[in-house]
Amino acid sequence: FAGSRELPSSASFDLSSSSSAILLNQGLALCVIVVYLGFLLFGSFRLYAAWSTTRRIKQTAESIVTSEAIAKIIEKCKKVIGTRRIEILCSSSVPVPVTMGIFKPVIILPEQLLLEGDENLLTSAIAHEAIHVARRDYLLNLFYELIYLLFSFHPGAALIRRRIKQTRELSCDELVARRVLEPEIYARSLVTLASSAPR
């Protein structure tokens, strides 16, 4: 326009100076990568060890001797919870009931639990684990563990992982108390089962 003046050279801007890129020292970047790979390696080893333990437990588990009382408990739990494809085994190497398997889910009960013959205790254990099967918690837990592996370096990841486990167990407990057993009976059974669980 007429009468306009050019900006002085001192008012020109250097676009390169306004870049938000963060430059890391090459040695520091290498150190960060090595530490992250260390977390991945440790987490992978932990997952492999858990998988090996799970496989060993399943291979050594045996079929249960099904009495009339136990058969009734199993059928009741399957009917109420709405799942049919469950195999129930027993093992002396597990202190508490466990569930494993994606396509062929298996509930493994402690041998001692079957020997005691407490019907309420057996119903609590089988119903709780059957709900894990119905919710597909074994598959979901595997997915969560793989995600956790990528972010295990962050303290918040461990907190979220712990909260997911707690919520999963509380959800199963709530469903058992609502559908299968009276809350008071189930609460007493939980205390008994927890007393035999490893710290």
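Here are some short exercises, each with a worked solution, on a predicted model of a protein.

**Exercise 1. Get your bearings**

Task: Find how many helices and strands the protein has, and what pattern they follow along the sequence.

Solution: Start with the count of elements. The protein has 7 helices and 4 strands. Next, read along the sequence, where the pattern runs α-β-α-β-β-β-α-α-α-α-α. Finally, look at burial: of the 199 residues in the protein, 30% are buried.

**Exercise 2. Explore the nonpolar core**

Task: Work out which residues of the largest nonpolar core touch the most other members, and which element gives the largest share.

Solution: Begin with the members. The largest nonpolar core holds 28 residues, and Ile-88 and Leu-109 touch the most other members. Now turn to the elements behind this core. Two or more residues come from each of helix 2 (68-81), strand 2 (87-91), strand 4 (106-110), helix 3 (111-116), helix 4, helix 6 and helix 7. Helix 4 gives the largest share of this core, with 8 residues.

**Exercise 3. Walk around the largest pocket**

Task: Describe the largest pocket by its volume, its lining and the classes of its residues.

Solution: First, the volume of the largest pocket is about 1,500 Å³. Second, 37 residues line this pocket, and those nearest its centre are Val-98, Thr-99, Asn-141, Arg-168 and Glu-169. Third, ask where the lining comes from. At least two residues each are supplied by helix 1 (26-60), strand 3 (98-100), helix 4 (119-134), helix 5 (137-151), helix 6 (155-179) and helix 7 (183-195). Helix 1 gives the most, with 7 residues. Last, sort the lining by class: 20 residues are nonpolar, 7 are polar and 10 are charged.

**Exercise 4. Visit the second largest pocket**

Task: Find which helices each supply at least two residues of the lining of the second largest pocket, and what lies over the face of Tyr-148.

Solution: The second largest pocket has a volume of about 200 Å³. Helix 5 and helix 6 each supply at least two residues of its lining. Among the lining residues are Asn-141, Tyr-144, Tyr-148, Phe-151, Arg-161 and Arg-168. By class, the lining has 7 nonpolar residues, 1 polar and 4 charged. Now zoom in on two of the lining residues, Tyr-148 and Arg-161. Arg-161 lies over the face of Tyr-148, at 4.7 Å from the ring centre.

**Exercise 5. Inspect an aromatic pair**

Task: Decide whether the pair of Tyr-36 and Phe-153 is stacked or edge-to-face, and say why it ties together parts apart in sequence.

Solution: The model has 3 aromatic pairs. One of them joins Tyr-36 and Phe-153, with ring centres 5.7 Å apart and 75° between the planes. Planes over 60 degrees apart count as edge-to-face, and this pair is edge-to-face. Now place the partners: Tyr-36 lies in helix 1 and Phe-153 in the loop between helix 5 and helix 6, so the pair ties together parts 117 residues apart in sequence. As for accessibility, Tyr-36 counts as partly exposed because its relative accessibility is 30%. Phe-153, at 40%, also counts as partly exposed.

**Exercise 6. Compare sequence and space**

Task: For Leu-190 and Leu-121, find how many residues apart they are in sequence and what their C-alpha to C-alpha separation is.

Solution: Locate Leu-190 in helix 7. At 30% relative accessibility, Leu-190 counts as partly exposed. Then compare Leu-190 with Leu-121: they are 69 residues apart in sequence, and 8.1 Å apart in space, C-alpha to C-alpha.

Key:
Residues numbered from 1 in each chain as written. Predicted model: local features only at pLDDT ≥ 70, side-chain atom pairs only at ≥ 80, totals over all residues. Heavy atoms only, no water. 1 Å grid on protein atoms, 1.4 Å probe; cavity = no way out; pocket = protein on both sides within 12 Å on 5 of 7 lines; lining within 4 Å. Points joined across faces, edges and corners; volume = space filled by probe spheres on them. Nonpolar A, V, L, I, M, F, W, Y, C, P; charged D, E, K, R; others polar. Phe/Tyr/Trp six-rings, centres within 6.5 Å; stacked < 30°, edge-to-face > 60°. Buried < 20%, exposed > 50% of the residue type's maximum accessible area, 1.4 Å probe, protein only. Lys NZ or Arg CZ within 6 Å of the ring centre and 35° of its normal. Core = buried A, V, L, I, M, F, W, Y, C linked by side-chain atoms within 4.5 Å.
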